[in-house]
Amino acid sequence: MIRRQPVSATADHAEERTNPAARLGFQPEQVVQEIGYDDDVDQELREAIEEVIGGELMDEEYDDVADAVVLWFRDEDGDLTDVLVDATTYIEEGGSILLLTPKTGRDGYVEPSDISEAATTAGLSASKSVSVGKDWSGSRLVTPKGAKSKR
C-alpha cells in the first residue's frame, strides 16, 4: 500500500494564489498597523491579512514600530504625500506600506499619477497597482534600500 503525503510547497503556492494577503507579501507574525479605517474598507482583505499574520491589525493608536502599514486612502482624505510621510514613521527599516485606494469610478478614486508622484516625493518606490478586492486597488510602497540607515 502506498500512502501519499501532501506536499506543503504546493499548498503554500496555492495559498499565495488564493489569499490576496499572501500575494501582497504579508508574512506570519508580522506586526501590521492599519491607517484610514472606515466603514467602506474591504473586510475580506482585512481578515485575509489577519489570517496570514496570525493576529489582529494594529489601529492608528498603536505607538510602536510595525513591520508593515495598511493605508486606506481616499481622494478626500487630504494630502497623500503628507499621509505617506507620516506612515513611514510607523514602519521598520525595510518595511512596506500597502496603499489601498478606491478603484476607477468609485467615490474617492485617486489617479495613479498622483500616487506615483506622492510616493516619489515621500521617498518611496511604488509597485504597479493590483486589484485587491471588488472596490479597492493596492500599491505596495517600499523605502529604497539604505534610505533610513542614513538618518
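How many helices and strands are in the chain? There are 5 helices and 6 strands. Keep in mind that this is a predicted model.

Let me start with the layout. Along the sequence, the elements run α-α-β-α-β-α-β-α-β-β-β. The chain has 151 residues, and 40% of them are buried.

Now two helices, α3 and α5. I'll take α3 first.

Helix α3 spans residues 43-53. Which of its residues are buried? They are Leu45, Arg46, Ala48, Ile49, Val52 and Ile53. Look down the axis of α3. Its buried residues fall within an arc of 160°, so they line one face of the helix. Turn to the other side of α3, and you find Glu44 and Glu51, both exposed.

On to helix α5, residues 112-121. Its buried residues are Ile115, Ala118 and Ala119. Why do they sit on the same side of α5? Because they cover an arc of only 100° around the axis. The face turned away from that buried side carries Glu117, Thr120 and Thr121, which are exposed.

Stay with isoleucine 115 for a moment. Isoleucine 115 has a relative accessible area of 8%. The cut-off for buried is under 20%, so isoleucine 115 counts as buried. There is also a through-space relation to point out. Isoleucine 115 and alanine 126 are 11 residues apart along the chain, and their C-alpha atoms are separated by 8.2 Å.

The neighbour in sequence, serine 116, pairs up in a similar way for our purposes with lysine 128: 12 residues apart along the chain, 9.4 Å between C-alpha atoms. Lysine 128 is found in the loop between β4 (125-126) and β5. With a relative accessible area of 69%, lysine 128 is exposed.

Next, the salt bridges. The count comes to 4. I'll walk through three pairs.

Pair one is aspartate 40 with arginine 74. Their side chains meet at 2.8 Å, N to O. This pair links distant parts of the chain, 34 residues apart. Aspartate 40 is in the loop between β1 (32-35) and α3. Arginine 74 is in the loop between β2 and α4 (80-88). Is arginine 74 buried or exposed? Buried, with a relative accessible area of 5%. Aspartate 40, at 36%, counts as partly exposed.

Pair two uses arginine 74 again. Here the partner is aspartate 77, and the closest N and O atoms are 2.9 Å apart. Aspartate 77 is partly exposed, at 33% relative accessibility.

Pair three is aspartate 135 with arginine 106, again a salt bridge, at 2.8 Å from N to O. This pair also links distant parts of the chain, 29 residues apart. Aspartate 135 lies in the loop between β5 (130-131) and β6 (136-142). Arginine 106 lies in the loop between β3 (91-102) and α5. Aspartate 135 is partly exposed, with a relative accessible area of 28%. Arginine 106 counts as partly exposed too, at 34%.

Back to the first two pairs. Which residues do shared partners join into one network? Asp40, Arg74 and Asp77.

Now the surface charge. Which residues form the negative patch? Asp59, Glu60, Glu61, Asp63, Asp64, Glu92 and Glu93. Take aspartate 63 as one of them. Aspartate 63 lies in the loop between α3 and β2 (66-72). Its relative accessibility is 74%. The cut-off for exposed is over 50%, so aspartate 63 counts as exposed.

One backbone point before I finish. Most residues other than glycine have a negative phi. Glutamate 29 has a positive one, near 70°. Where does glutamate 29 lie? In the loop between α2 (20-23) and β1. At 73% relative accessibility, glutamate 29 counts as exposed.

To recap. Helices α3 and α5 each have a buried side, with the residues of α3 in an arc of 160° and those of α5 in an arc of 100°. Arginine 74 is buried and belongs to a network with Asp40 and Asp77. A negative patch includes Asp63. Glutamate 29 has the positive phi. That's my tour.

Terms used. Residues numbered from 1 in each chain as written. Predicted model: local features only at pLDDT ≥ 70, side-chain atom pairs only at ≥ 80, totals over all residues. Heavy atoms only, no water. Patch = residues over 30% accessible without salt bridge, like charges linked within 9 Å, V, L, I, M, F, W, Y side chains within 5 Å. Areas by Shrake-Rupley, 256 points an atom, 1.4 Å probe, with all protein chains shown as cover. Lys, Arg positive; Asp, Glu negative; His and termini not counted. Charge placed at Lys NZ, Arg CZ, Asp CG, Glu CD. Helix = DSSP H or I, 4+ residues; strand = E, 2+ residues; numbered from the N terminus. Buried < 20%, exposed > 50% of the residue type's maximum accessible area, 1.4 Å probe, protein only. Arc of directions from axis to C-beta.
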